[in-house]
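Colleague: Could you take me closely through the metal sites of this model, and then through the surroundings that follow from there? Please state your criteria as you go.

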Amino acid sequence: MAEITDISNDFIRQEIEEYIERPEERERNINLFARARPKMQEIAAALIDGDNDTVNRLTREALDSGIEALEVMDDGLIAGMGIVGIKFRQNFIFVPEVLACARAMKAGMAHIEPILSAAGIEPVGKVIMGTVKGDLHDIGKNLCIMMLRGSGFEVIDLGVDTAPDRFIEAVEEHDALLLGMSALLSTTMPNMGKTIEAFIDADLRDKVKIMVGGAPVTQEFADDMGADGYGKDALACVATAKKLLGVVAKTRA
Amino acid sequence: MGTGAKSAGQMTSRQRVMAALRREPVDRTPVCNPTSVATVELMDLADAPFPEACREPESMARLAATGYTELGFDTIMPVYTIIQESSALGCKIQWEQKDNWPTVKMREPIWEKPEDIKIPSNLLTHSDTKCVLDAIRILRKEFGDEVAIIGKTMGPWSLGYHCFGVEQFLLMSLDDPGKTKLCLEKLKEATVQFGLAQIEAGADALTLPDHATGDLVSAEYYERYLRDLHIEFVERIPAPLILHICGRTVDRMDYIAQTGMAAFHYDSKNEPAESMGVVRSRISLVGNINNPETLFSKGPEQVRKEVYKNLDAGVQLVGPECAIPLQTAIENLKEIPLAVRDWHREHATTN
Ligand code: B12
Ligand SMILES: [Zn+2]
């Protein structure tokens, strides 16, 4: 069992002290950062700070010094994004700050992705995400995508106003096992059910797991429309994705 | 004449609304929706379906009138979308069908930096803004001064989402506050121009949506970027203004109350009593019947409960929290004025 004092990076220590209140999340993060190298903690700190230039530079330096791409991703970028997700859920930070962190994540991943794909390392899973037909709200969906990517998933983003056919095409084209749909309007929520029916009609329902979310969607609605999973926020989206794909918990739950 | 007029007390609907916006005594609390009251059922009744009712003045006015004649609200509000002026600014619009609201294609932003912002000379003559002005004229002529007619002009923050794309705009706000302020300074002229034109056309008050909500940005953001601009709107636009921000806002209501706006249209994510405690009669509150869970999914009983909760807290104007979901049952909407009357009857002795 690690202690918070085992974490060498001041910034990370403060972040955990100040923002992470749930005991199990505190413990998980303390354990994670206590065993991460100082350089990884630095990357995570820059990411949490939304500083894409520093993340860009430190990631390059870390890789050049011989640290494995997977380690940089897991202990630096993904670990940092985990704290960002919690701060957002608890309203310590808001959408602009999360967007800046996601931009920093992207700057780091730009160095890591080519190495992983050249080495044939598979992402944790592949997810198709989109906002349903008639709905143009995408902020929440995009945050989910950032957190999914920030947890090692490959995500194909179909954007907004997505017709059932486009969801079907994408699932087939990318051989994806998981689909996520977002809706923010009561007028468009039924389009989730319609999309699920379209998958049944196309004889594809058994091939793909479907999760749904968005402010007006509840677990009850999700069950009624025949979805496999529901998530209340971006962290829950990642947890649901992992559960549905049977991903074994790696660094984070 | 509709139900709204028949059951009025000593005051006309218009007098009641205008008084409540000034926090002056009323014969009963007015029922008001400063955002869209359109539903599919009302579209059928008025033979004014979307998207025509958003683009054609006669149709727009016919649908709006149902808020008063069918539902018994004390206001008429003809602007169902948040995109009329964005369309005039040059944004691409997806007009949709009867069963959905039109929207801006924010994936195709028209501007990137402050220098790009140009308020076109046809802002008020473009068919999608002119439609609103003409509809207000039609309604004023038809209803005289019996009912309050509310217009709507979008604030610069929301216009920023539309013209720059939400994510781009929010990132700019973090990266470069100076640039963001410059954008708001330029965009605010559209807000003022469209607002003044609606008053000239006959609007009694204006809704001013500016989505700096707690679901997206911090309270400090509201203070930094918008409070002073909103104060300026109060100075420059000579009619009561109703600020609309849906979502969580109780953390910024103190700043909002400092603007001098007549009213704040607030969302059910904020408790009526707590909100009233924060604004302390510096601004009237309008709201906050929940849309998706109550008006859309539940029945009159739950609607009544939420109306009572607002009245018990002393909220000055009662109504839905935001644009009413299009598939909402009329029965639920009619319950709002009925519940208001009953509450006042029950509390008559103490008044
Ligand atoms: C921002 C906003 C807008 C922006 C949208 C910008 C954009 N690109 O997304 C603008 C101003 C353009 C807009 C337009 C409209 N809006 Co709007 N909007 C909002 C607002 C204020 C916040 C939504 C938001 O982004 N929240 C922040 C994000 C982070 O939260 P979230 O989306 O819920 O996502 C989280 C979770 O739900 C979950 N999640 C989301 N998707 C998924 C998917 C999966 C698979 C999983 C597991 C989880 C998950 O994780 C996310 C992160 O934590 C809400 C009010 C509110 N408080 O909800 C109204 C609201 C959604 N809008 C509403 C309305 C009515 C409209 C308009 C119709 C207004 C009009 N008259 O034209 C138009 C509709 C346009 C259209 N056809 O889509 C109503 C909808 C009512 C209803 N249920 O029918 C709301 C609820 C306001 C209200 N109180 O009534 N809106
Ligand atoms: Zn709203």
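Modeller: The cobalt atom of ligand 1 has a single protein donor, A:His137, which binds through NE2 at 2.4 Å; donors here are N, O and S atoms within 2.8 Å of the metal (3.2 Å for Na, K and Ca), and sites may look incomplete because water is not among the atoms. This is a predicted model, in which local features need pLDDT of at least 70 and side-chain atom pairs count only at pLDDT 80 or more, while totals for chains, interfaces and linings use all residues. Residues are numbered from 1 along each chain as its sequence is written, chains are lettered from A and ligands numbered from 1 in the order in which they are written, and side-chain values use heavy atoms, with hydrogens and water left out.

A:His137 sits in the loop that runs between strand S1 (126-131) and helix H7 (139-149) of chain A, where helices (H or I, at least four residues) and strands (E, at least two) are DSSP runs numbered from the N terminus. The cobalt atom of ligand 1 lies 5.9 Å from the zinc ion (ligand 2). That zinc ion is held by chain B, through B:His244 (NE2), B:Cys246 (SG) and B:Cys322 (SG), at 2.0 to 2.3 Å, and these donors follow the spacing H-x1-C-x75-C along the chain. B:Cys246 and B:Cys322 join distant parts of chain B, 76 residues apart: B:Cys246 belongs to the loop between strand S6 (241-244) and helix H12 (253-257), and B:Cys322 to the loop between strand S9 (317-320) and helix H16 (330-346). B:Cys246 counts as buried because its relative accessibility is 19%; buried means under 20% relative accessible area, exposed over 50%, and partly exposed in between (1.4 Å probe, protein chains only).

Helix H7 of chain A leads on to two further features. One is a salt bridge (a side-chain nitrogen of Lys or Arg within 4 Å of a carboxyl oxygen of Asp or Glu) between A:Lys141 and A:Asp157, whose closest N and O atoms are 2.8 Å apart. A:Lys141 in helix H7 and A:Asp157 in strand S2 are 16 residues apart, in distant parts of chain A. A:Lys141 is buried at 2% relative accessibility, whereas A:Asp157 is partly exposed at 33%.

The other feature is the second largest pocket, of about 890 Å³. On a 1 Å grid over the protein atoms alone, a pocket is an open set of points with protein on both sides within 12 Å along at least five of seven lines, and lining residues have an atom within 4 Å of a point; grid points are joined across faces, edges and corners, and the volume is the space filled by probe spheres set on them. Its lining has 31 residues, with A:Lys106, A:Met109, A:Glu113, A:Ile145 and A:Arg149 nearest the centre. Two or more lining residues come from each of helix H5 (69-89), helix H6 (95-118), H7 and strand S2 (154-157) of chain A, and helix H9 (166-175) of chain B. H6 of chain A gives the largest share, 10 residues. By class the lining holds 16 nonpolar, 5 polar and 10 charged residues, where Ala, Val, Leu, Ile, Met, Phe, Trp, Tyr, Cys and Pro count as nonpolar, Asp, Glu, Lys and Arg as charged, and the others, Gly among them, as polar. Because domain 1 (8-118) and domain 2 (126-245) of chain A both contribute to this lining, the pocket lies between them; the domain bounds come from an automatic or database domain assignment.

Notes: 1 Å grid on protein atoms, 1.4 Å probe; cavity = no way out; pocket = protein on both sides within 12 Å on 5 of 7 lines; lining within 4 Å.
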